[in-house]
Protein chains: 2
Amino acid sequence: MEPFNKLAIIGLGLIGSSIAHAARRGKLAKQIVGHDASADVLKRARAVGFADALEFDIGAAVADADLVILCVPVGAMKAAAAALAPHLAKGAILSDVGGVKGSVVSDIGPLVPKGVHFIPAHPIAGTEFSGPEAGFATLFDGRWSIITPPPGADAGAVARLKEFWQGLGSQVELMDPAHHDLVLAITSHLPHLIAYNIVGTAHDLEAVTEGEVIKYSAGGFRDFTRIAASDPTMWRDVFLNNRQAVLEVLGRFNEDLSILTRAVRNGDGKLLFDFFTRTRAIRKAIIEQGQDSAAPNFGRK
Amino acid sequence: MEPFNKLAIIGLGLIGSSIAHAARRGKLAKQIVGHDASADVLKRARAVGFADALEFDIGAAVADADLVILCVPVGAMKAAAAALAPHLAKGAILSDVGGVKGSVVSDIGPLVPKGVHFIPAHPIAGTEFSGPEAGFATLFDGRWSIITPPPGADAGAVARLKEFWQGLGSQVELMDPAHHDLVLAITSHLPHLIAYNIVGTAHDLEAVTEGEVIKYSAGGFRDFTRIAASDPTMWRDVFLNNRQAVLEVLGRFNEDLSILTRAVRNGDGKLLFDFFTRTRAIRKAIIEQGQDSAAPNFGRK
């Protein structure tokens, strides 16, 4: 692809820093400029060295940029967009990486100046680590990124952003923001809520010590602790901004759990066996489609 | 340690075959004999070659063995023990690897002949794969195994079994069967039930296709699919035999989930943030104690 002249990354955590690493690897921008509201994060980003320039002034960061990507928690999107909007160049693409798209569209949409192409996006990739040191160039390789173009979005700008995400290593799908929010509620938001919840339950049991939970975690519990170690601010904001879809899938989850609970109580072995059998096929498909490792225990060392 | 003369492994799935591999690695027995009720499994075990002899006759398998380990699903323990009991040598140790200990004690205990040392055990280790091809020598390395000696158990026999599990690579802890069942209910049984449940919920949503669930599973969902791919028979039997402890921790889990659900509904960001913050410490301790990988995403390739 034809590289962007200036890529401005607003927010230098795991995703922002990974975009910088991957954009440099793919030669997707002639200049990569980073901004963060935290002087400490900026200093640490400088030490890692993934950007050509770092700006504490958000206006300076986005000035003359032809691609600006907001990589802040969903709850911080509006303030960041308001601060940078007056400084956006005509013809620039303004995008984001927020895990909720409905709220981002309604928060940022009205702030976008005429002549700027606002095209939200969301890479379905991450790790349990946070901060500018956590990023790496291969984070998006083979994963999917979802672009949610608003009605009437400029087709050329959408194509440019799609090329950019493909250049970062990602596969790309276009989707409606509301559908995105429902899909992510089941594939990401509910799993995180459940993981946080079970870790909390284990933490609070009086009859089992925390030391015991830790020692015997290889029985299955440890799998949940990974995503329950994710960034609390990011996840608070996801749940505050995708309430309806999360409550919808939580309701379904609870209905299903009632059925399993009843089967345990009644000793209904046939129901349990049948339930536990049909779930294997999804794992198989996820591995076949390259979205997880086939090695036992995720290939952990 | 002084090797056993003859180790008989009853049931040649993931755990049974891993014990054989690890016992051979550690030279823990002069002879390793395997038995399985399935001729197909026996044939596949022969092809892998982890035993010195394979016996379809359970009596021949345990005759003269000084260590016999039942590696069948919890629900199959009683029948297997009844079949082999008359053939046990005086002074032999009879043990098992069942994930529930209360039911194993009450099912097997009364069947054990005088002069045989019945000492239940449970290695907290496994993968999502099943069958005689799934075993490997390092499965127990660094993991914990729990031994639950009955009241009045022979101290020498307990010490021998402890040495054996240490020889397999494991750390060993002694515990009361009832406490074991509660500890495992939170560290293993509830995580599996929740994982099976969420995969089922995703499977049944009409508004999100299975293809979408698979494509975007890297958002967190895929972490649950690993343990939801575990052996259905084994897990059915666990839930049928540890009903009380599972219902107890399920009740706690549901109480906690009600609080999180209410916080999502009310937009209580402070509660969510505080909840999501305290769960990080457990992950950190699990990694520090060598029970999980510190690499991002479990170090998946």
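Two residues count as in contact here if their C-beta atoms, placed from the backbone, lie within 7 Å. I start with that because the contacts I will go through depend on this cut-off. One caution as well: this is a predicted model.

Let me take one residue, A:Gly91. Leaving aside residues up to four places away in sequence, A:Gly91 touches A:Asp66 and A:Gly115. The second of those partners sits 24 residues away along the chain, and the C-alpha atoms of A:Gly91 and A:Gly115 are separated by 5.4 Å. As for where A:Gly91 is, look at the loop in chain A that runs between helix H4 (77–84) and strand S5 (93–96).

Is A:Gly91 buried or exposed? A:Gly91 is exposed, because it has 11 other C-beta atoms within 10 Å, and a residue with 12 or fewer falls in that class.

Now chain A as a whole. Its secondary structure amounts to 13 helices and 9 strands. The C-alpha trace spans about 65 × 40 × 35 Å along the principal axes of chain A. For 301 residues, a compact globule would have a radius of gyration near 19 Å, and the 21 Å of chain A agrees with that. Of those 301 residues, 55% count as buried. On contacts in chain A with a separation of 6 or more, 75% are between residues 24 or more positions apart.

Next, the domains. Chain A is divided into domain 1, covering 4–175, and domain 2, covering 179–267. Their C-alpha centres lie 29 Å apart. Between them, 14 residues of domain 1 are in contact with 17 residues of domain 2. By class, the domain 1 side of that contact in chain A has 5 nonpolar, 7 polar and 2 charged residues.

Last, the two chains. How many residues does each chain give to the contact between chain A and chain B? Chain B gives 91 residues and chain A gives 90. On the chain B side, the elements that supply two or more residues are helices H7 (177–204), H8 (210–215), H9 (221–227), H10 (232–241), H11 (243–266), H12 (269–278) and H13 (280–288) of chain B. The largest share comes from H7(B), with 19 residues. Sorted by class, the side of chain B that touches chain A has 49 nonpolar, 23 polar and 19 charged residues.

I have described this interface by residues in contact, 91 from chain B and 90 from chain A. The size of an interface is often given as the accessible area lost when the parts come together.

How values were computed:
Residues numbered from 1 in each chain as written. Chains lettered and ligands numbered in written order. Predicted model: local features only at pLDDT ≥ 70, side-chain atom pairs only at ≥ 80, totals over all residues. Helix = DSSP H or I, 4+ residues; strand = E, 2+ residues; numbered from the N terminus. Buried ≥ 20, exposed ≤ 12 C-beta atoms within 10 Å, placed from the backbone. Rg over C-alpha atoms; globule rule 2.2 N^0.38 Å. Nonpolar A, V, L, I, M, F, W, Y, C, P; charged D, E, K, R; others polar. Domains from an automatic or database assignment.
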